[in-house]
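I opened my notebook and set myself a few things to look up. Here is what I wrote down, entry by entry.

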Amino acid sequence: MNCKEAVEKLYFYLDGEVLTEEERRALEEHLNLCRACCQRYEFEKLLWNLVRQNGQRESVPQTLIMRIENVLARF
């Protein structure tokens with residue numbers, strides 16, 4: 001696995017979304033060998049945890065939800 005492939009799989013890995021056993025193992029091996037990707041993983045993991053912890057305290061305004069849904073509907 002190269003760095004581009006690792007970054008593409010990183011968010012699925014952090015979200016606990018399904019990676020095949022081979023993909024998961026390849027990503028973990030890459031993270032163990034590549035310092036840059038490992039640092040990115042640690043940063044993204046920290047950010048993911050902060051968003052998850054702080055996001056549970058605040059409610060999202062309905063207008064923001066509607067704006068996001070409108071943007072997503074364009075794709």
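Is Tyr-13 buried, partly exposed or exposed? I looked up its relative accessibility and found 24%, so Tyr-13 counts as partly exposed. I note here that the model is a predicted one.

**Entry: the aromatic pair**

I searched for paired aromatic rings next. The count came to one aromatic pair. Tyr-13 and Tyr-41 form this pair. Their ring centres are 5.9 Å apart, and their planes make an angle of 55 degrees. The pair is tilted, because planes have to be over 60 degrees apart to count as edge-to-face and under 30 to count as stacked.

I then checked where the two rings sit. Tyr-13 is in helix α1, and Tyr-41 is in helix α3, which covers residues 35-55. The two are 28 residues apart, so the pair links distant parts of the chain. I looked up the second ring's accessibility too. Tyr-41 has a relative accessible area of 14% and is buried, whereas Tyr-13 is partly exposed.

**Entry: helices α1 and α2**

I turned to the packing of two helices. Helix α1 spans residues 3-15, and helix α2 spans residues 21-33. Their axes are 10 Å apart, and the packing angle is about 115 degrees. I noted the crossing of α1 and α2 as left-handed.

Which residues make the contact? From α1, I listed Cys-3, Ala-6, Lys-9, Leu-10 and Tyr-13. From α2, I listed Glu-23, Arg-24, Leu-27, Glu-28 and His-30. I sorted the residues of this contact by type: five are nonpolar, one is polar and four are charged.

**Entry: Lys-9**

I picked Lys-9 from the contact list. Lys-9 is in helix α1. Its relative accessible area is 23%, so Lys-9 is partly exposed. Leaving out residues up to four places away in sequence, I found that Lys-9 touches Met-1, Leu-19, Glu-23 and Leu-27. I also took a distance to Arg-24. Lys-9 and Arg-24 are 15 residues apart in sequence, and their C-alpha atoms are 8.5 Å apart in space.

**Entry: His-30**

I moved across to helix α2, where His-30 is found. His-30 has a relative accessibility of 11%, so it counts as buried. I set aside its neighbours within four places in sequence and listed its contacts. They are Met-1, Asn-2, Cys-3, Ala-6 and Cys-37.

**Entry: two cysteines**

Two cysteines stood in that list of contacts of His-30: Cys-3 and Cys-37. How many disulfides does the whole structure hold? My search found zero.

Why is Cys-3 not bonded to Cys-37? The sulfur of Cys-3 has its closest cysteine sulfur in Cys-37, at 3.6 Å, and that is too far for a bond. A disulfide needs the two sulfur atoms within 2.5 Å. I checked from the other side as well. For Cys-37, the closest cysteine sulfur is the one in Cys-3.

I compared how open the two residues are. Cys-3 counts as partly exposed, at 38% relative accessibility. Cys-37 is buried, with a relative accessible area of 7%.

**Entry: Leu-19**

I looked at the loop between α1 and α2, where Leu-19 lies. Is Leu-19 buried or exposed? Its relative accessibility is 15%, so Leu-19 counts as buried. Neighbours within four places in sequence aside, Leu-19 is in contact with Lys-9, Phe-12, Tyr-13, Arg-24 and Leu-27. I took one distance from here. Leu-19 and Leu-64 are 45 residues apart in sequence and 31 Å apart in space, C-alpha to C-alpha.

**Entry: Met-66**

My last stop was helix α4, residues 62-73, where Met-66 has its place. Met-66 has a relative accessible area of 46%, so I wrote it down as partly exposed. I took its distance to Gly-16. The two are 50 residues apart in sequence and 27 Å apart in space, C-alpha to C-alpha.

Key:
Residues are numbered from 1 along each chain as its sequence is written. This is a predicted model: local features need pLDDT of at least 70, side-chain atom pairs count only at pLDDT 80 or more; totals for chains, interfaces and linings use all residues. Side-chain values use heavy atoms; hydrogens and water are left out. Axes are lines fitted to C-alpha atoms, for helices over the stretch in contact, and angles run from 0 to 180 degrees between N-to-C directions. Helices (H or I, at least four residues) and strands (E, at least two) are DSSP runs, numbered from the N terminus. A crossing is left-handed if the near helix is turned anticlockwise from the far one by less than a right angle, and right-handed if clockwise. Contact means heavy atoms within 4.5 Å. Ala, Val, Leu, Ile, Met, Phe, Trp, Tyr, Cys and Pro count as nonpolar, Asp, Glu, Lys and Arg as charged, and the others, Gly among them, as polar. Rings of Phe, Tyr and Trp (its six-membered ring) pair if their centres lie within 6.5 Å; planes under 30 degrees apart count as stacked, over 60 as edge-to-face and the rest as tilted. Buried means under 20% relative accessible area, exposed over 50%, partly exposed in between (1.4 Å probe, protein chains only).
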